[in-house]
Amino acid sequence: MKVANPDPWPDSPEQAIALQDRLRSQVVTANPRPPSFRTVAGLDSAYDDDGNVVAAIVVLDTETLETVETATARGHTDFPYVPGLLSFRELPTTIKALEKLTVTPDLFICDSQGLAHPRRFGFACHFGLVTETPTLGVAKNAWGRFEMPGAERGSYSEITIDGDPVGRALRTRTGVKPVFVSVGHLIDLETACAQVLSLTPEFRQPETTRRADRLCRQLLEELAV
């Protein structure tokens, strides 16, 4: 899968914040066409204390949830760890993995925030703009305020930052802690939540995230050998 060259990469947190502020107005929070997702990909990244980065992408068939293809990459980053700027540590290696895919997924699900981010521009938004594909974020923790949703699967509550709605706390398993869904790019929140529910038939996290995370952990263990 080919990816357009991203903007010049920032050298400092200040430059990264300026880029986020400039790009966030380009995020599209709607479906540009009736959604039809035949394949969906999960992304995950991890790194060690030496700045080595690994990235994994797992593509699934949305009807069967069978794995269609996987791609991985290794890289290195000198960009500092700063909450809210993780895409500047992880995105370059993720793009390297993405370019190894022979299929172009219809939807990407990131283990990260999208609009539910202090500058409304989390990793899922950045990735969506770079790839020009529908993208959403499913995070394990919320960045913002929310009320706990009802206990039943499918229940949700609104996540807000400074009073603005930015996502949903979504219950994917009855009686289990919710996940936190927000739009990345080229998708609306209702469609995003529906896709997350369709990918969680047994577990709290989407199958895309679970499989990408497993593969990423294997890569990180190999680095330590």
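Select α2 and α3 together: α2 passes α3 in a right-handed crossing (the near helix is turned clockwise from the far one by less than a right angle; anticlockwise would be left-handed). Helices here are DSSP runs of H or I with at least four residues, strands are runs of E with at least two, and both are numbered from the N terminus. You are looking at a predicted model, in which local features need pLDDT of at least 70, side-chain atom pairs count only at pLDDT 80 or more, and totals for chains, interfaces and linings use all residues. Residues are numbered from 1 along each chain as its sequence is written, and side-chain values use heavy atoms, with hydrogens and water left out.

Stay with this pair of helices. The axes of α2 and α3 come within 11 Å and cross at roughly 40 degrees (lines fitted to C-alpha atoms over the stretch in contact, with angles from 0 to 180 degrees between N-to-C directions). That makes α2 oblique to α3, the class left after roughly parallel (under 35 degrees), roughly antiparallel (over 145) and roughly perpendicular (65 to 115).

Now show side chains. On the α2 side, pick S87, F88, E90, L91, T94, I95 and L98; they meet F123, H126, F127, V130 and T131 in α3 (contact means heavy atoms within 4.5 Å). The residues of this contact divide into seven nonpolar, four polar and one charged (Ala, Val, Leu, Ile, Met, Phe, Trp, Tyr, Cys and Pro are nonpolar; Asp, Glu, Lys and Arg are charged; the others, Gly among them, are polar).

Next, select α3 alone, residues 123-131. Nine of its nine residues are buried, so the helix is largely enclosed by the rest of the structure (buried is under 20% relative accessible area, exposed over 50%, partly exposed in between, with a 1.4 Å probe and protein chains only). To see what covers them, add elements including α1 (13-23), β1 (39-47) and β8 (179-185). Just after α3 comes E132, whose phi is positive, near 60 degrees.

Zoom in on F123 and F127, four residues apart in α3, about one turn of the helix. They form a stacked aromatic pair, 6.2 Å centre to centre with 15 degrees between the planes (Phe, Tyr and six-membered Trp rings pair if their centres lie within 6.5 Å; planes under 30 degrees apart are stacked, over 60 edge-to-face, the rest tilted). The structure holds five aromatic pairs; for another stop, select W9, F79 and F88, which ring pairs link into a cluster.

Last, find Q113 in the loop between β4 and α3. Q113 is buried, at 12% relative accessible area, and its contacts include F123, W143 and S182.

Definitions and conventions:
Lists of a residue's contacts leave out its neighbours within four places in sequence.
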